[in-house]
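Subject: Structure for your review

Dear colleague,

I am handing over the structure below, and after it you will find my notes on what was found. Please read them with the coordinates open beside you.

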Amino acid sequence: MEFKYDVRDLQFILKEWLPMEEVLACERFKENYSVDDIDMFLNEGYKVAREVVNPINAEGDKNGAKLENGVVTPAPGYKEAFRFIQENGWGSSSECIGIDGGMPLSMFKAIFEMNQAACPALLSYIKLTSGAANLIIRFGTDKERELFIPNMLSGEWQGTMCITEPNAGSDVGDSTARAYPTDDPRVWKIKGTKMFITAGDAGICDNTIHMVMARPEGGAAGSPGLGLYLVPKIWVNDDGSLGKENDIATVGIEHKMGLKAQATAMLNFGDNDECYGIMMGPAPDEKGRSRGLPMMFHMMNESRIGTGHNANTQAAASYYYASQFATERIQGRPFGERSGDRVPIIKHEDIRRMLLDMKANVEGIRAMTFKGFYYLDIQANSDDKEKAKKYGEIAEIFTPLVKCYGSEASLHVIAEAIQTLGGVGYTQEYPIEQYLRDSKILTIWEGTSYIHGNDLVGRKMRMKDGVPFANWFAIIKDFVADNKDNSGFEKEMKKLAKGCECVETIKKTYETWYDNLDEMKSLIPLYATKALFVCAYLQVAECLMEQALLAQAKIDELPDGAYERTFYQGKIASARYYINNVLPGAFALTDLVTAADTSVIDCPEEALVIT
Ligand SMILES: Cc1cc2nc3c(=O)[nH]c(=O)nc-3n(C[C@H](O)[C@H](O)[C@H](O)COP(=O)(O)OP(=O)(O)OC[C@H]3O[C@@H](n4cnc5c(N)ncnc54)[C@H](O)[C@@H]3O)c2cc1C
């Protein structure tokens, strides 16, 4: 089947829906980009996705990355495709902050999205390199930027994020990796094991720049004591030449359900006491506190919103394959007819239901994600400091919604895409089953779904006296109030208003639980993910409704029979479907949260385990 992508929806987002003029007017972009460039970038990016990136996807799944005799061999074509993307400006050099010629995130991510959908296993290598480079740009010295960044942007070197350990997963603060001072205050000796490190040893670059969390000797307990260290696989001398190989051993690469071409390594740092790293940021203070985790959070937050985006790109690709198939596969006759011609399955109501369900979810989550990117663009680039701060805080609310809901909903979409194909969807002859395997990890890494539910109810709803959450919610409520009588959408606007009531109820319920911690403590984690879903359903529905109103205005201007009408009708259909069929999930979940059933808590632990 042919890899196809909905470039038109990306154009709609960037050229018709989001205020990209505002982003592109920022000092950093105004000489380099304009709205008129968007089509060219999207079309060229689509070409790269189809011609360079997608051809290695299925092959990589079959052959995978391999570790033999201590050496990792990448899947066929990975080294070349990685280099191509990085060298030609489709990767880190366009994504990194403060780089001349770097794009707005919202523009870059539209291109990245197509490449990610074309080959998810490859694109995390790019994402991690950008994230590691951004940490060095933010927290490194001029010298470190000079030594590391050019090679990381050009594709010579890649980057990783080394947090997880065999006994420290969700709870990063339990990390046992250590850093010991040397005579050079900048250089520390690193010792410890890191597990599940994406691109930890991928065999595609001359050097790998690991960003490692470790506790400096004498550091405080828990996450405040963790520091951040830049640990190159091969030491980089002060003149930029490569020095000695650092003491980092690849113990193994994981055999995984999906992303088989993406090397996920277990790494031992300092088995021979000869592993050196450069400390990022300030030295530990007198109480042994380092700034490692807050610094690493920059990389994690980029990756978190990126993870939800990643999931949605895979869901989108699956939907486009399923929609192609539905027009070609001939099976059955229209409902109630016993004779006559057999029809393509897209004629069947249930297939159309699945296609619209996939379309609405994909477009809605894409819209939510890009709104998040827009907020981040304003935060990072606007001269209006107050607005930048406010939007940055709203983006913090978006992060768990995009990460958790985006990744969970994508599994549903991809499963529906397989369902649309019937039996062949389950086979490896068709590309969709690979997406189901490749995307499952996205509900786990960068914090599991629960971790994000907890982040929303425990931190984001309450941080800064609840102001960022209130600002986030006010945008939705204002939109609903301003458009409640919009002719033709009354039913949908009523449902959105009900969705707002649900979020208010959830917020109040959680306030009550926090105010009565002694009796109600267990309810907070128990219902966290459900609470997040309520907020995400509403956010997605609101984005889709904004788009539908815009689409209606466009239709009103178009002559009958104009080609573009179909696209805009499709946008309206996505919004109506989501608001009438998916958003009510928020109503049901709100009932569940307020009912606060305690069967989970009451059930004896032993009854959950088979002996
Ligand atoms: C393919 C792959 C690539 C990865 N890439 C990287 C990488 O590049 N860098 C990196 O540092 N890590 C990486 N990881 C690790 C990943 O981020 C972790 O697997 C993830 O954070 C979960 O940690 P864990 O596996 O130890 O699970 P655990 O933390 O043991 O969690 C197990 C289950 O318990 C739940 N749980 C844990 N604590 C609590 C709690 N307090 N309350 C309620 N429930 C809880 C979790 O939600 C989960 O359902 C990768 C993992 C995989 C599989």
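To begin with the ligand, one of its nitrogen atoms is 2.8 Å from an N or O atom in the side chain of Thr198, which falls under the definition of a polar contact used here (a pair of N or O atoms within 3.5 Å; within protein, one must be able to donate a hydrogen and the other to accept it, and residues adjacent in sequence count only if both atoms are side-chain atoms). Taken alone, the ligand exposes 960 Å², of which the protein buries 62%; accessible areas come from the Shrake-Rupley method with a 1.4 Å probe, and for residues only the protein chains shown count as cover.

Before going further, please keep in mind that this is a predicted model, in which local features need pLDDT of at least 70 and side-chain atom pairs count only at pLDDT 80 or more, while totals for chains, interfaces and linings use all residues. Residues are numbered from 1 along each chain as its sequence is written, and side-chain values use heavy atoms, with hydrogens and water left out.

Two further polar approaches to the ligand were found: a polar side-chain atom of Thr164 lies 2.7 Å from a nitrogen atom of the ligand, and a polar backbone atom of Ile163 is 2.9 Å from one of its oxygen atoms. The ligand is surrounded by 16 residues, the closest being Met161, Thr164, Ser170, Phe196 and Thr448, where a residue is counted if one of its heavy atoms lies within 4 Å. By class, this shell holds 8 nonpolar, 6 polar and 2 charged residues (Ala, Val, Leu, Ile, Met, Phe, Trp, Tyr, Cys and Pro count as nonpolar, Asp, Glu, Lys and Arg as charged, and the others, Gly among them, as polar). Strand β5 (residues 187-198) gives the most to the shell, with 3 residues; helices (H or I, at least four residues) and strands (E, at least two) are DSSP runs numbered from the N terminus.

Phe196 deserves a look of its own, since it is placed in strand β5 and has a positive phi of about 60° although it is not a glycine. Phe196 is partly exposed, with a relative accessible area of 46% (buried means under 20%, exposed over 50%, and partly exposed in between, with a 1.4 Å probe and protein chains only). Leu259, in the loop between β10 (248-253) and β11 (264-269), also has a positive phi, near 45°, but at 5% relative accessibility Leu259 counts as buried.

Turning to the interior, the largest nonpolar core has 169 residues, and those with the most contacts inside it are Phe3, Tyr78, Leu122, Tyr405, Trp472, Leu496 and Tyr510; such a core is a set of buried Ala, Val, Leu, Ile, Met, Phe, Trp, Tyr and Cys residues joined through side-chain atoms within 4.5 Å. Helix α20 (residues 528-557) supplies the largest share of this core, 18 residues. Apart from it lies another core, of 33 residues, among them Phe148, Met213, Leu230 and Leu293.

Helix α14 (residues 432-439) is largely enclosed by the rest of the structure, because 7 of its 8 residues are buried. Among these buried residues are Glu433, Arg437 and Asp438, and the buried residues of α14 pack against α5 (57-63), α8 (105-118), α9 (120-139), α11 (292-328) and α13 (385-421).

In helix α13, Val402 is buried, with a relative accessible area of 0%. Leaving aside neighbours within four places in sequence, Val402 is in contact (heavy atoms within 4.5 Å) with Ile305, Gly308, His309, Met368, Thr369 and Ser407. The C-alpha atoms of Val402 and Val540, 138 residues apart along the chain, are separated by 9.5 Å.

Finally, Glu546 lies in helix α20, where a polar contact of 2.9 Å joins its side chain to that of Trp17. With neighbours within four places in sequence again left aside, Glu546 is in contact with Trp17, Lys371 and Phe479.

With best regards
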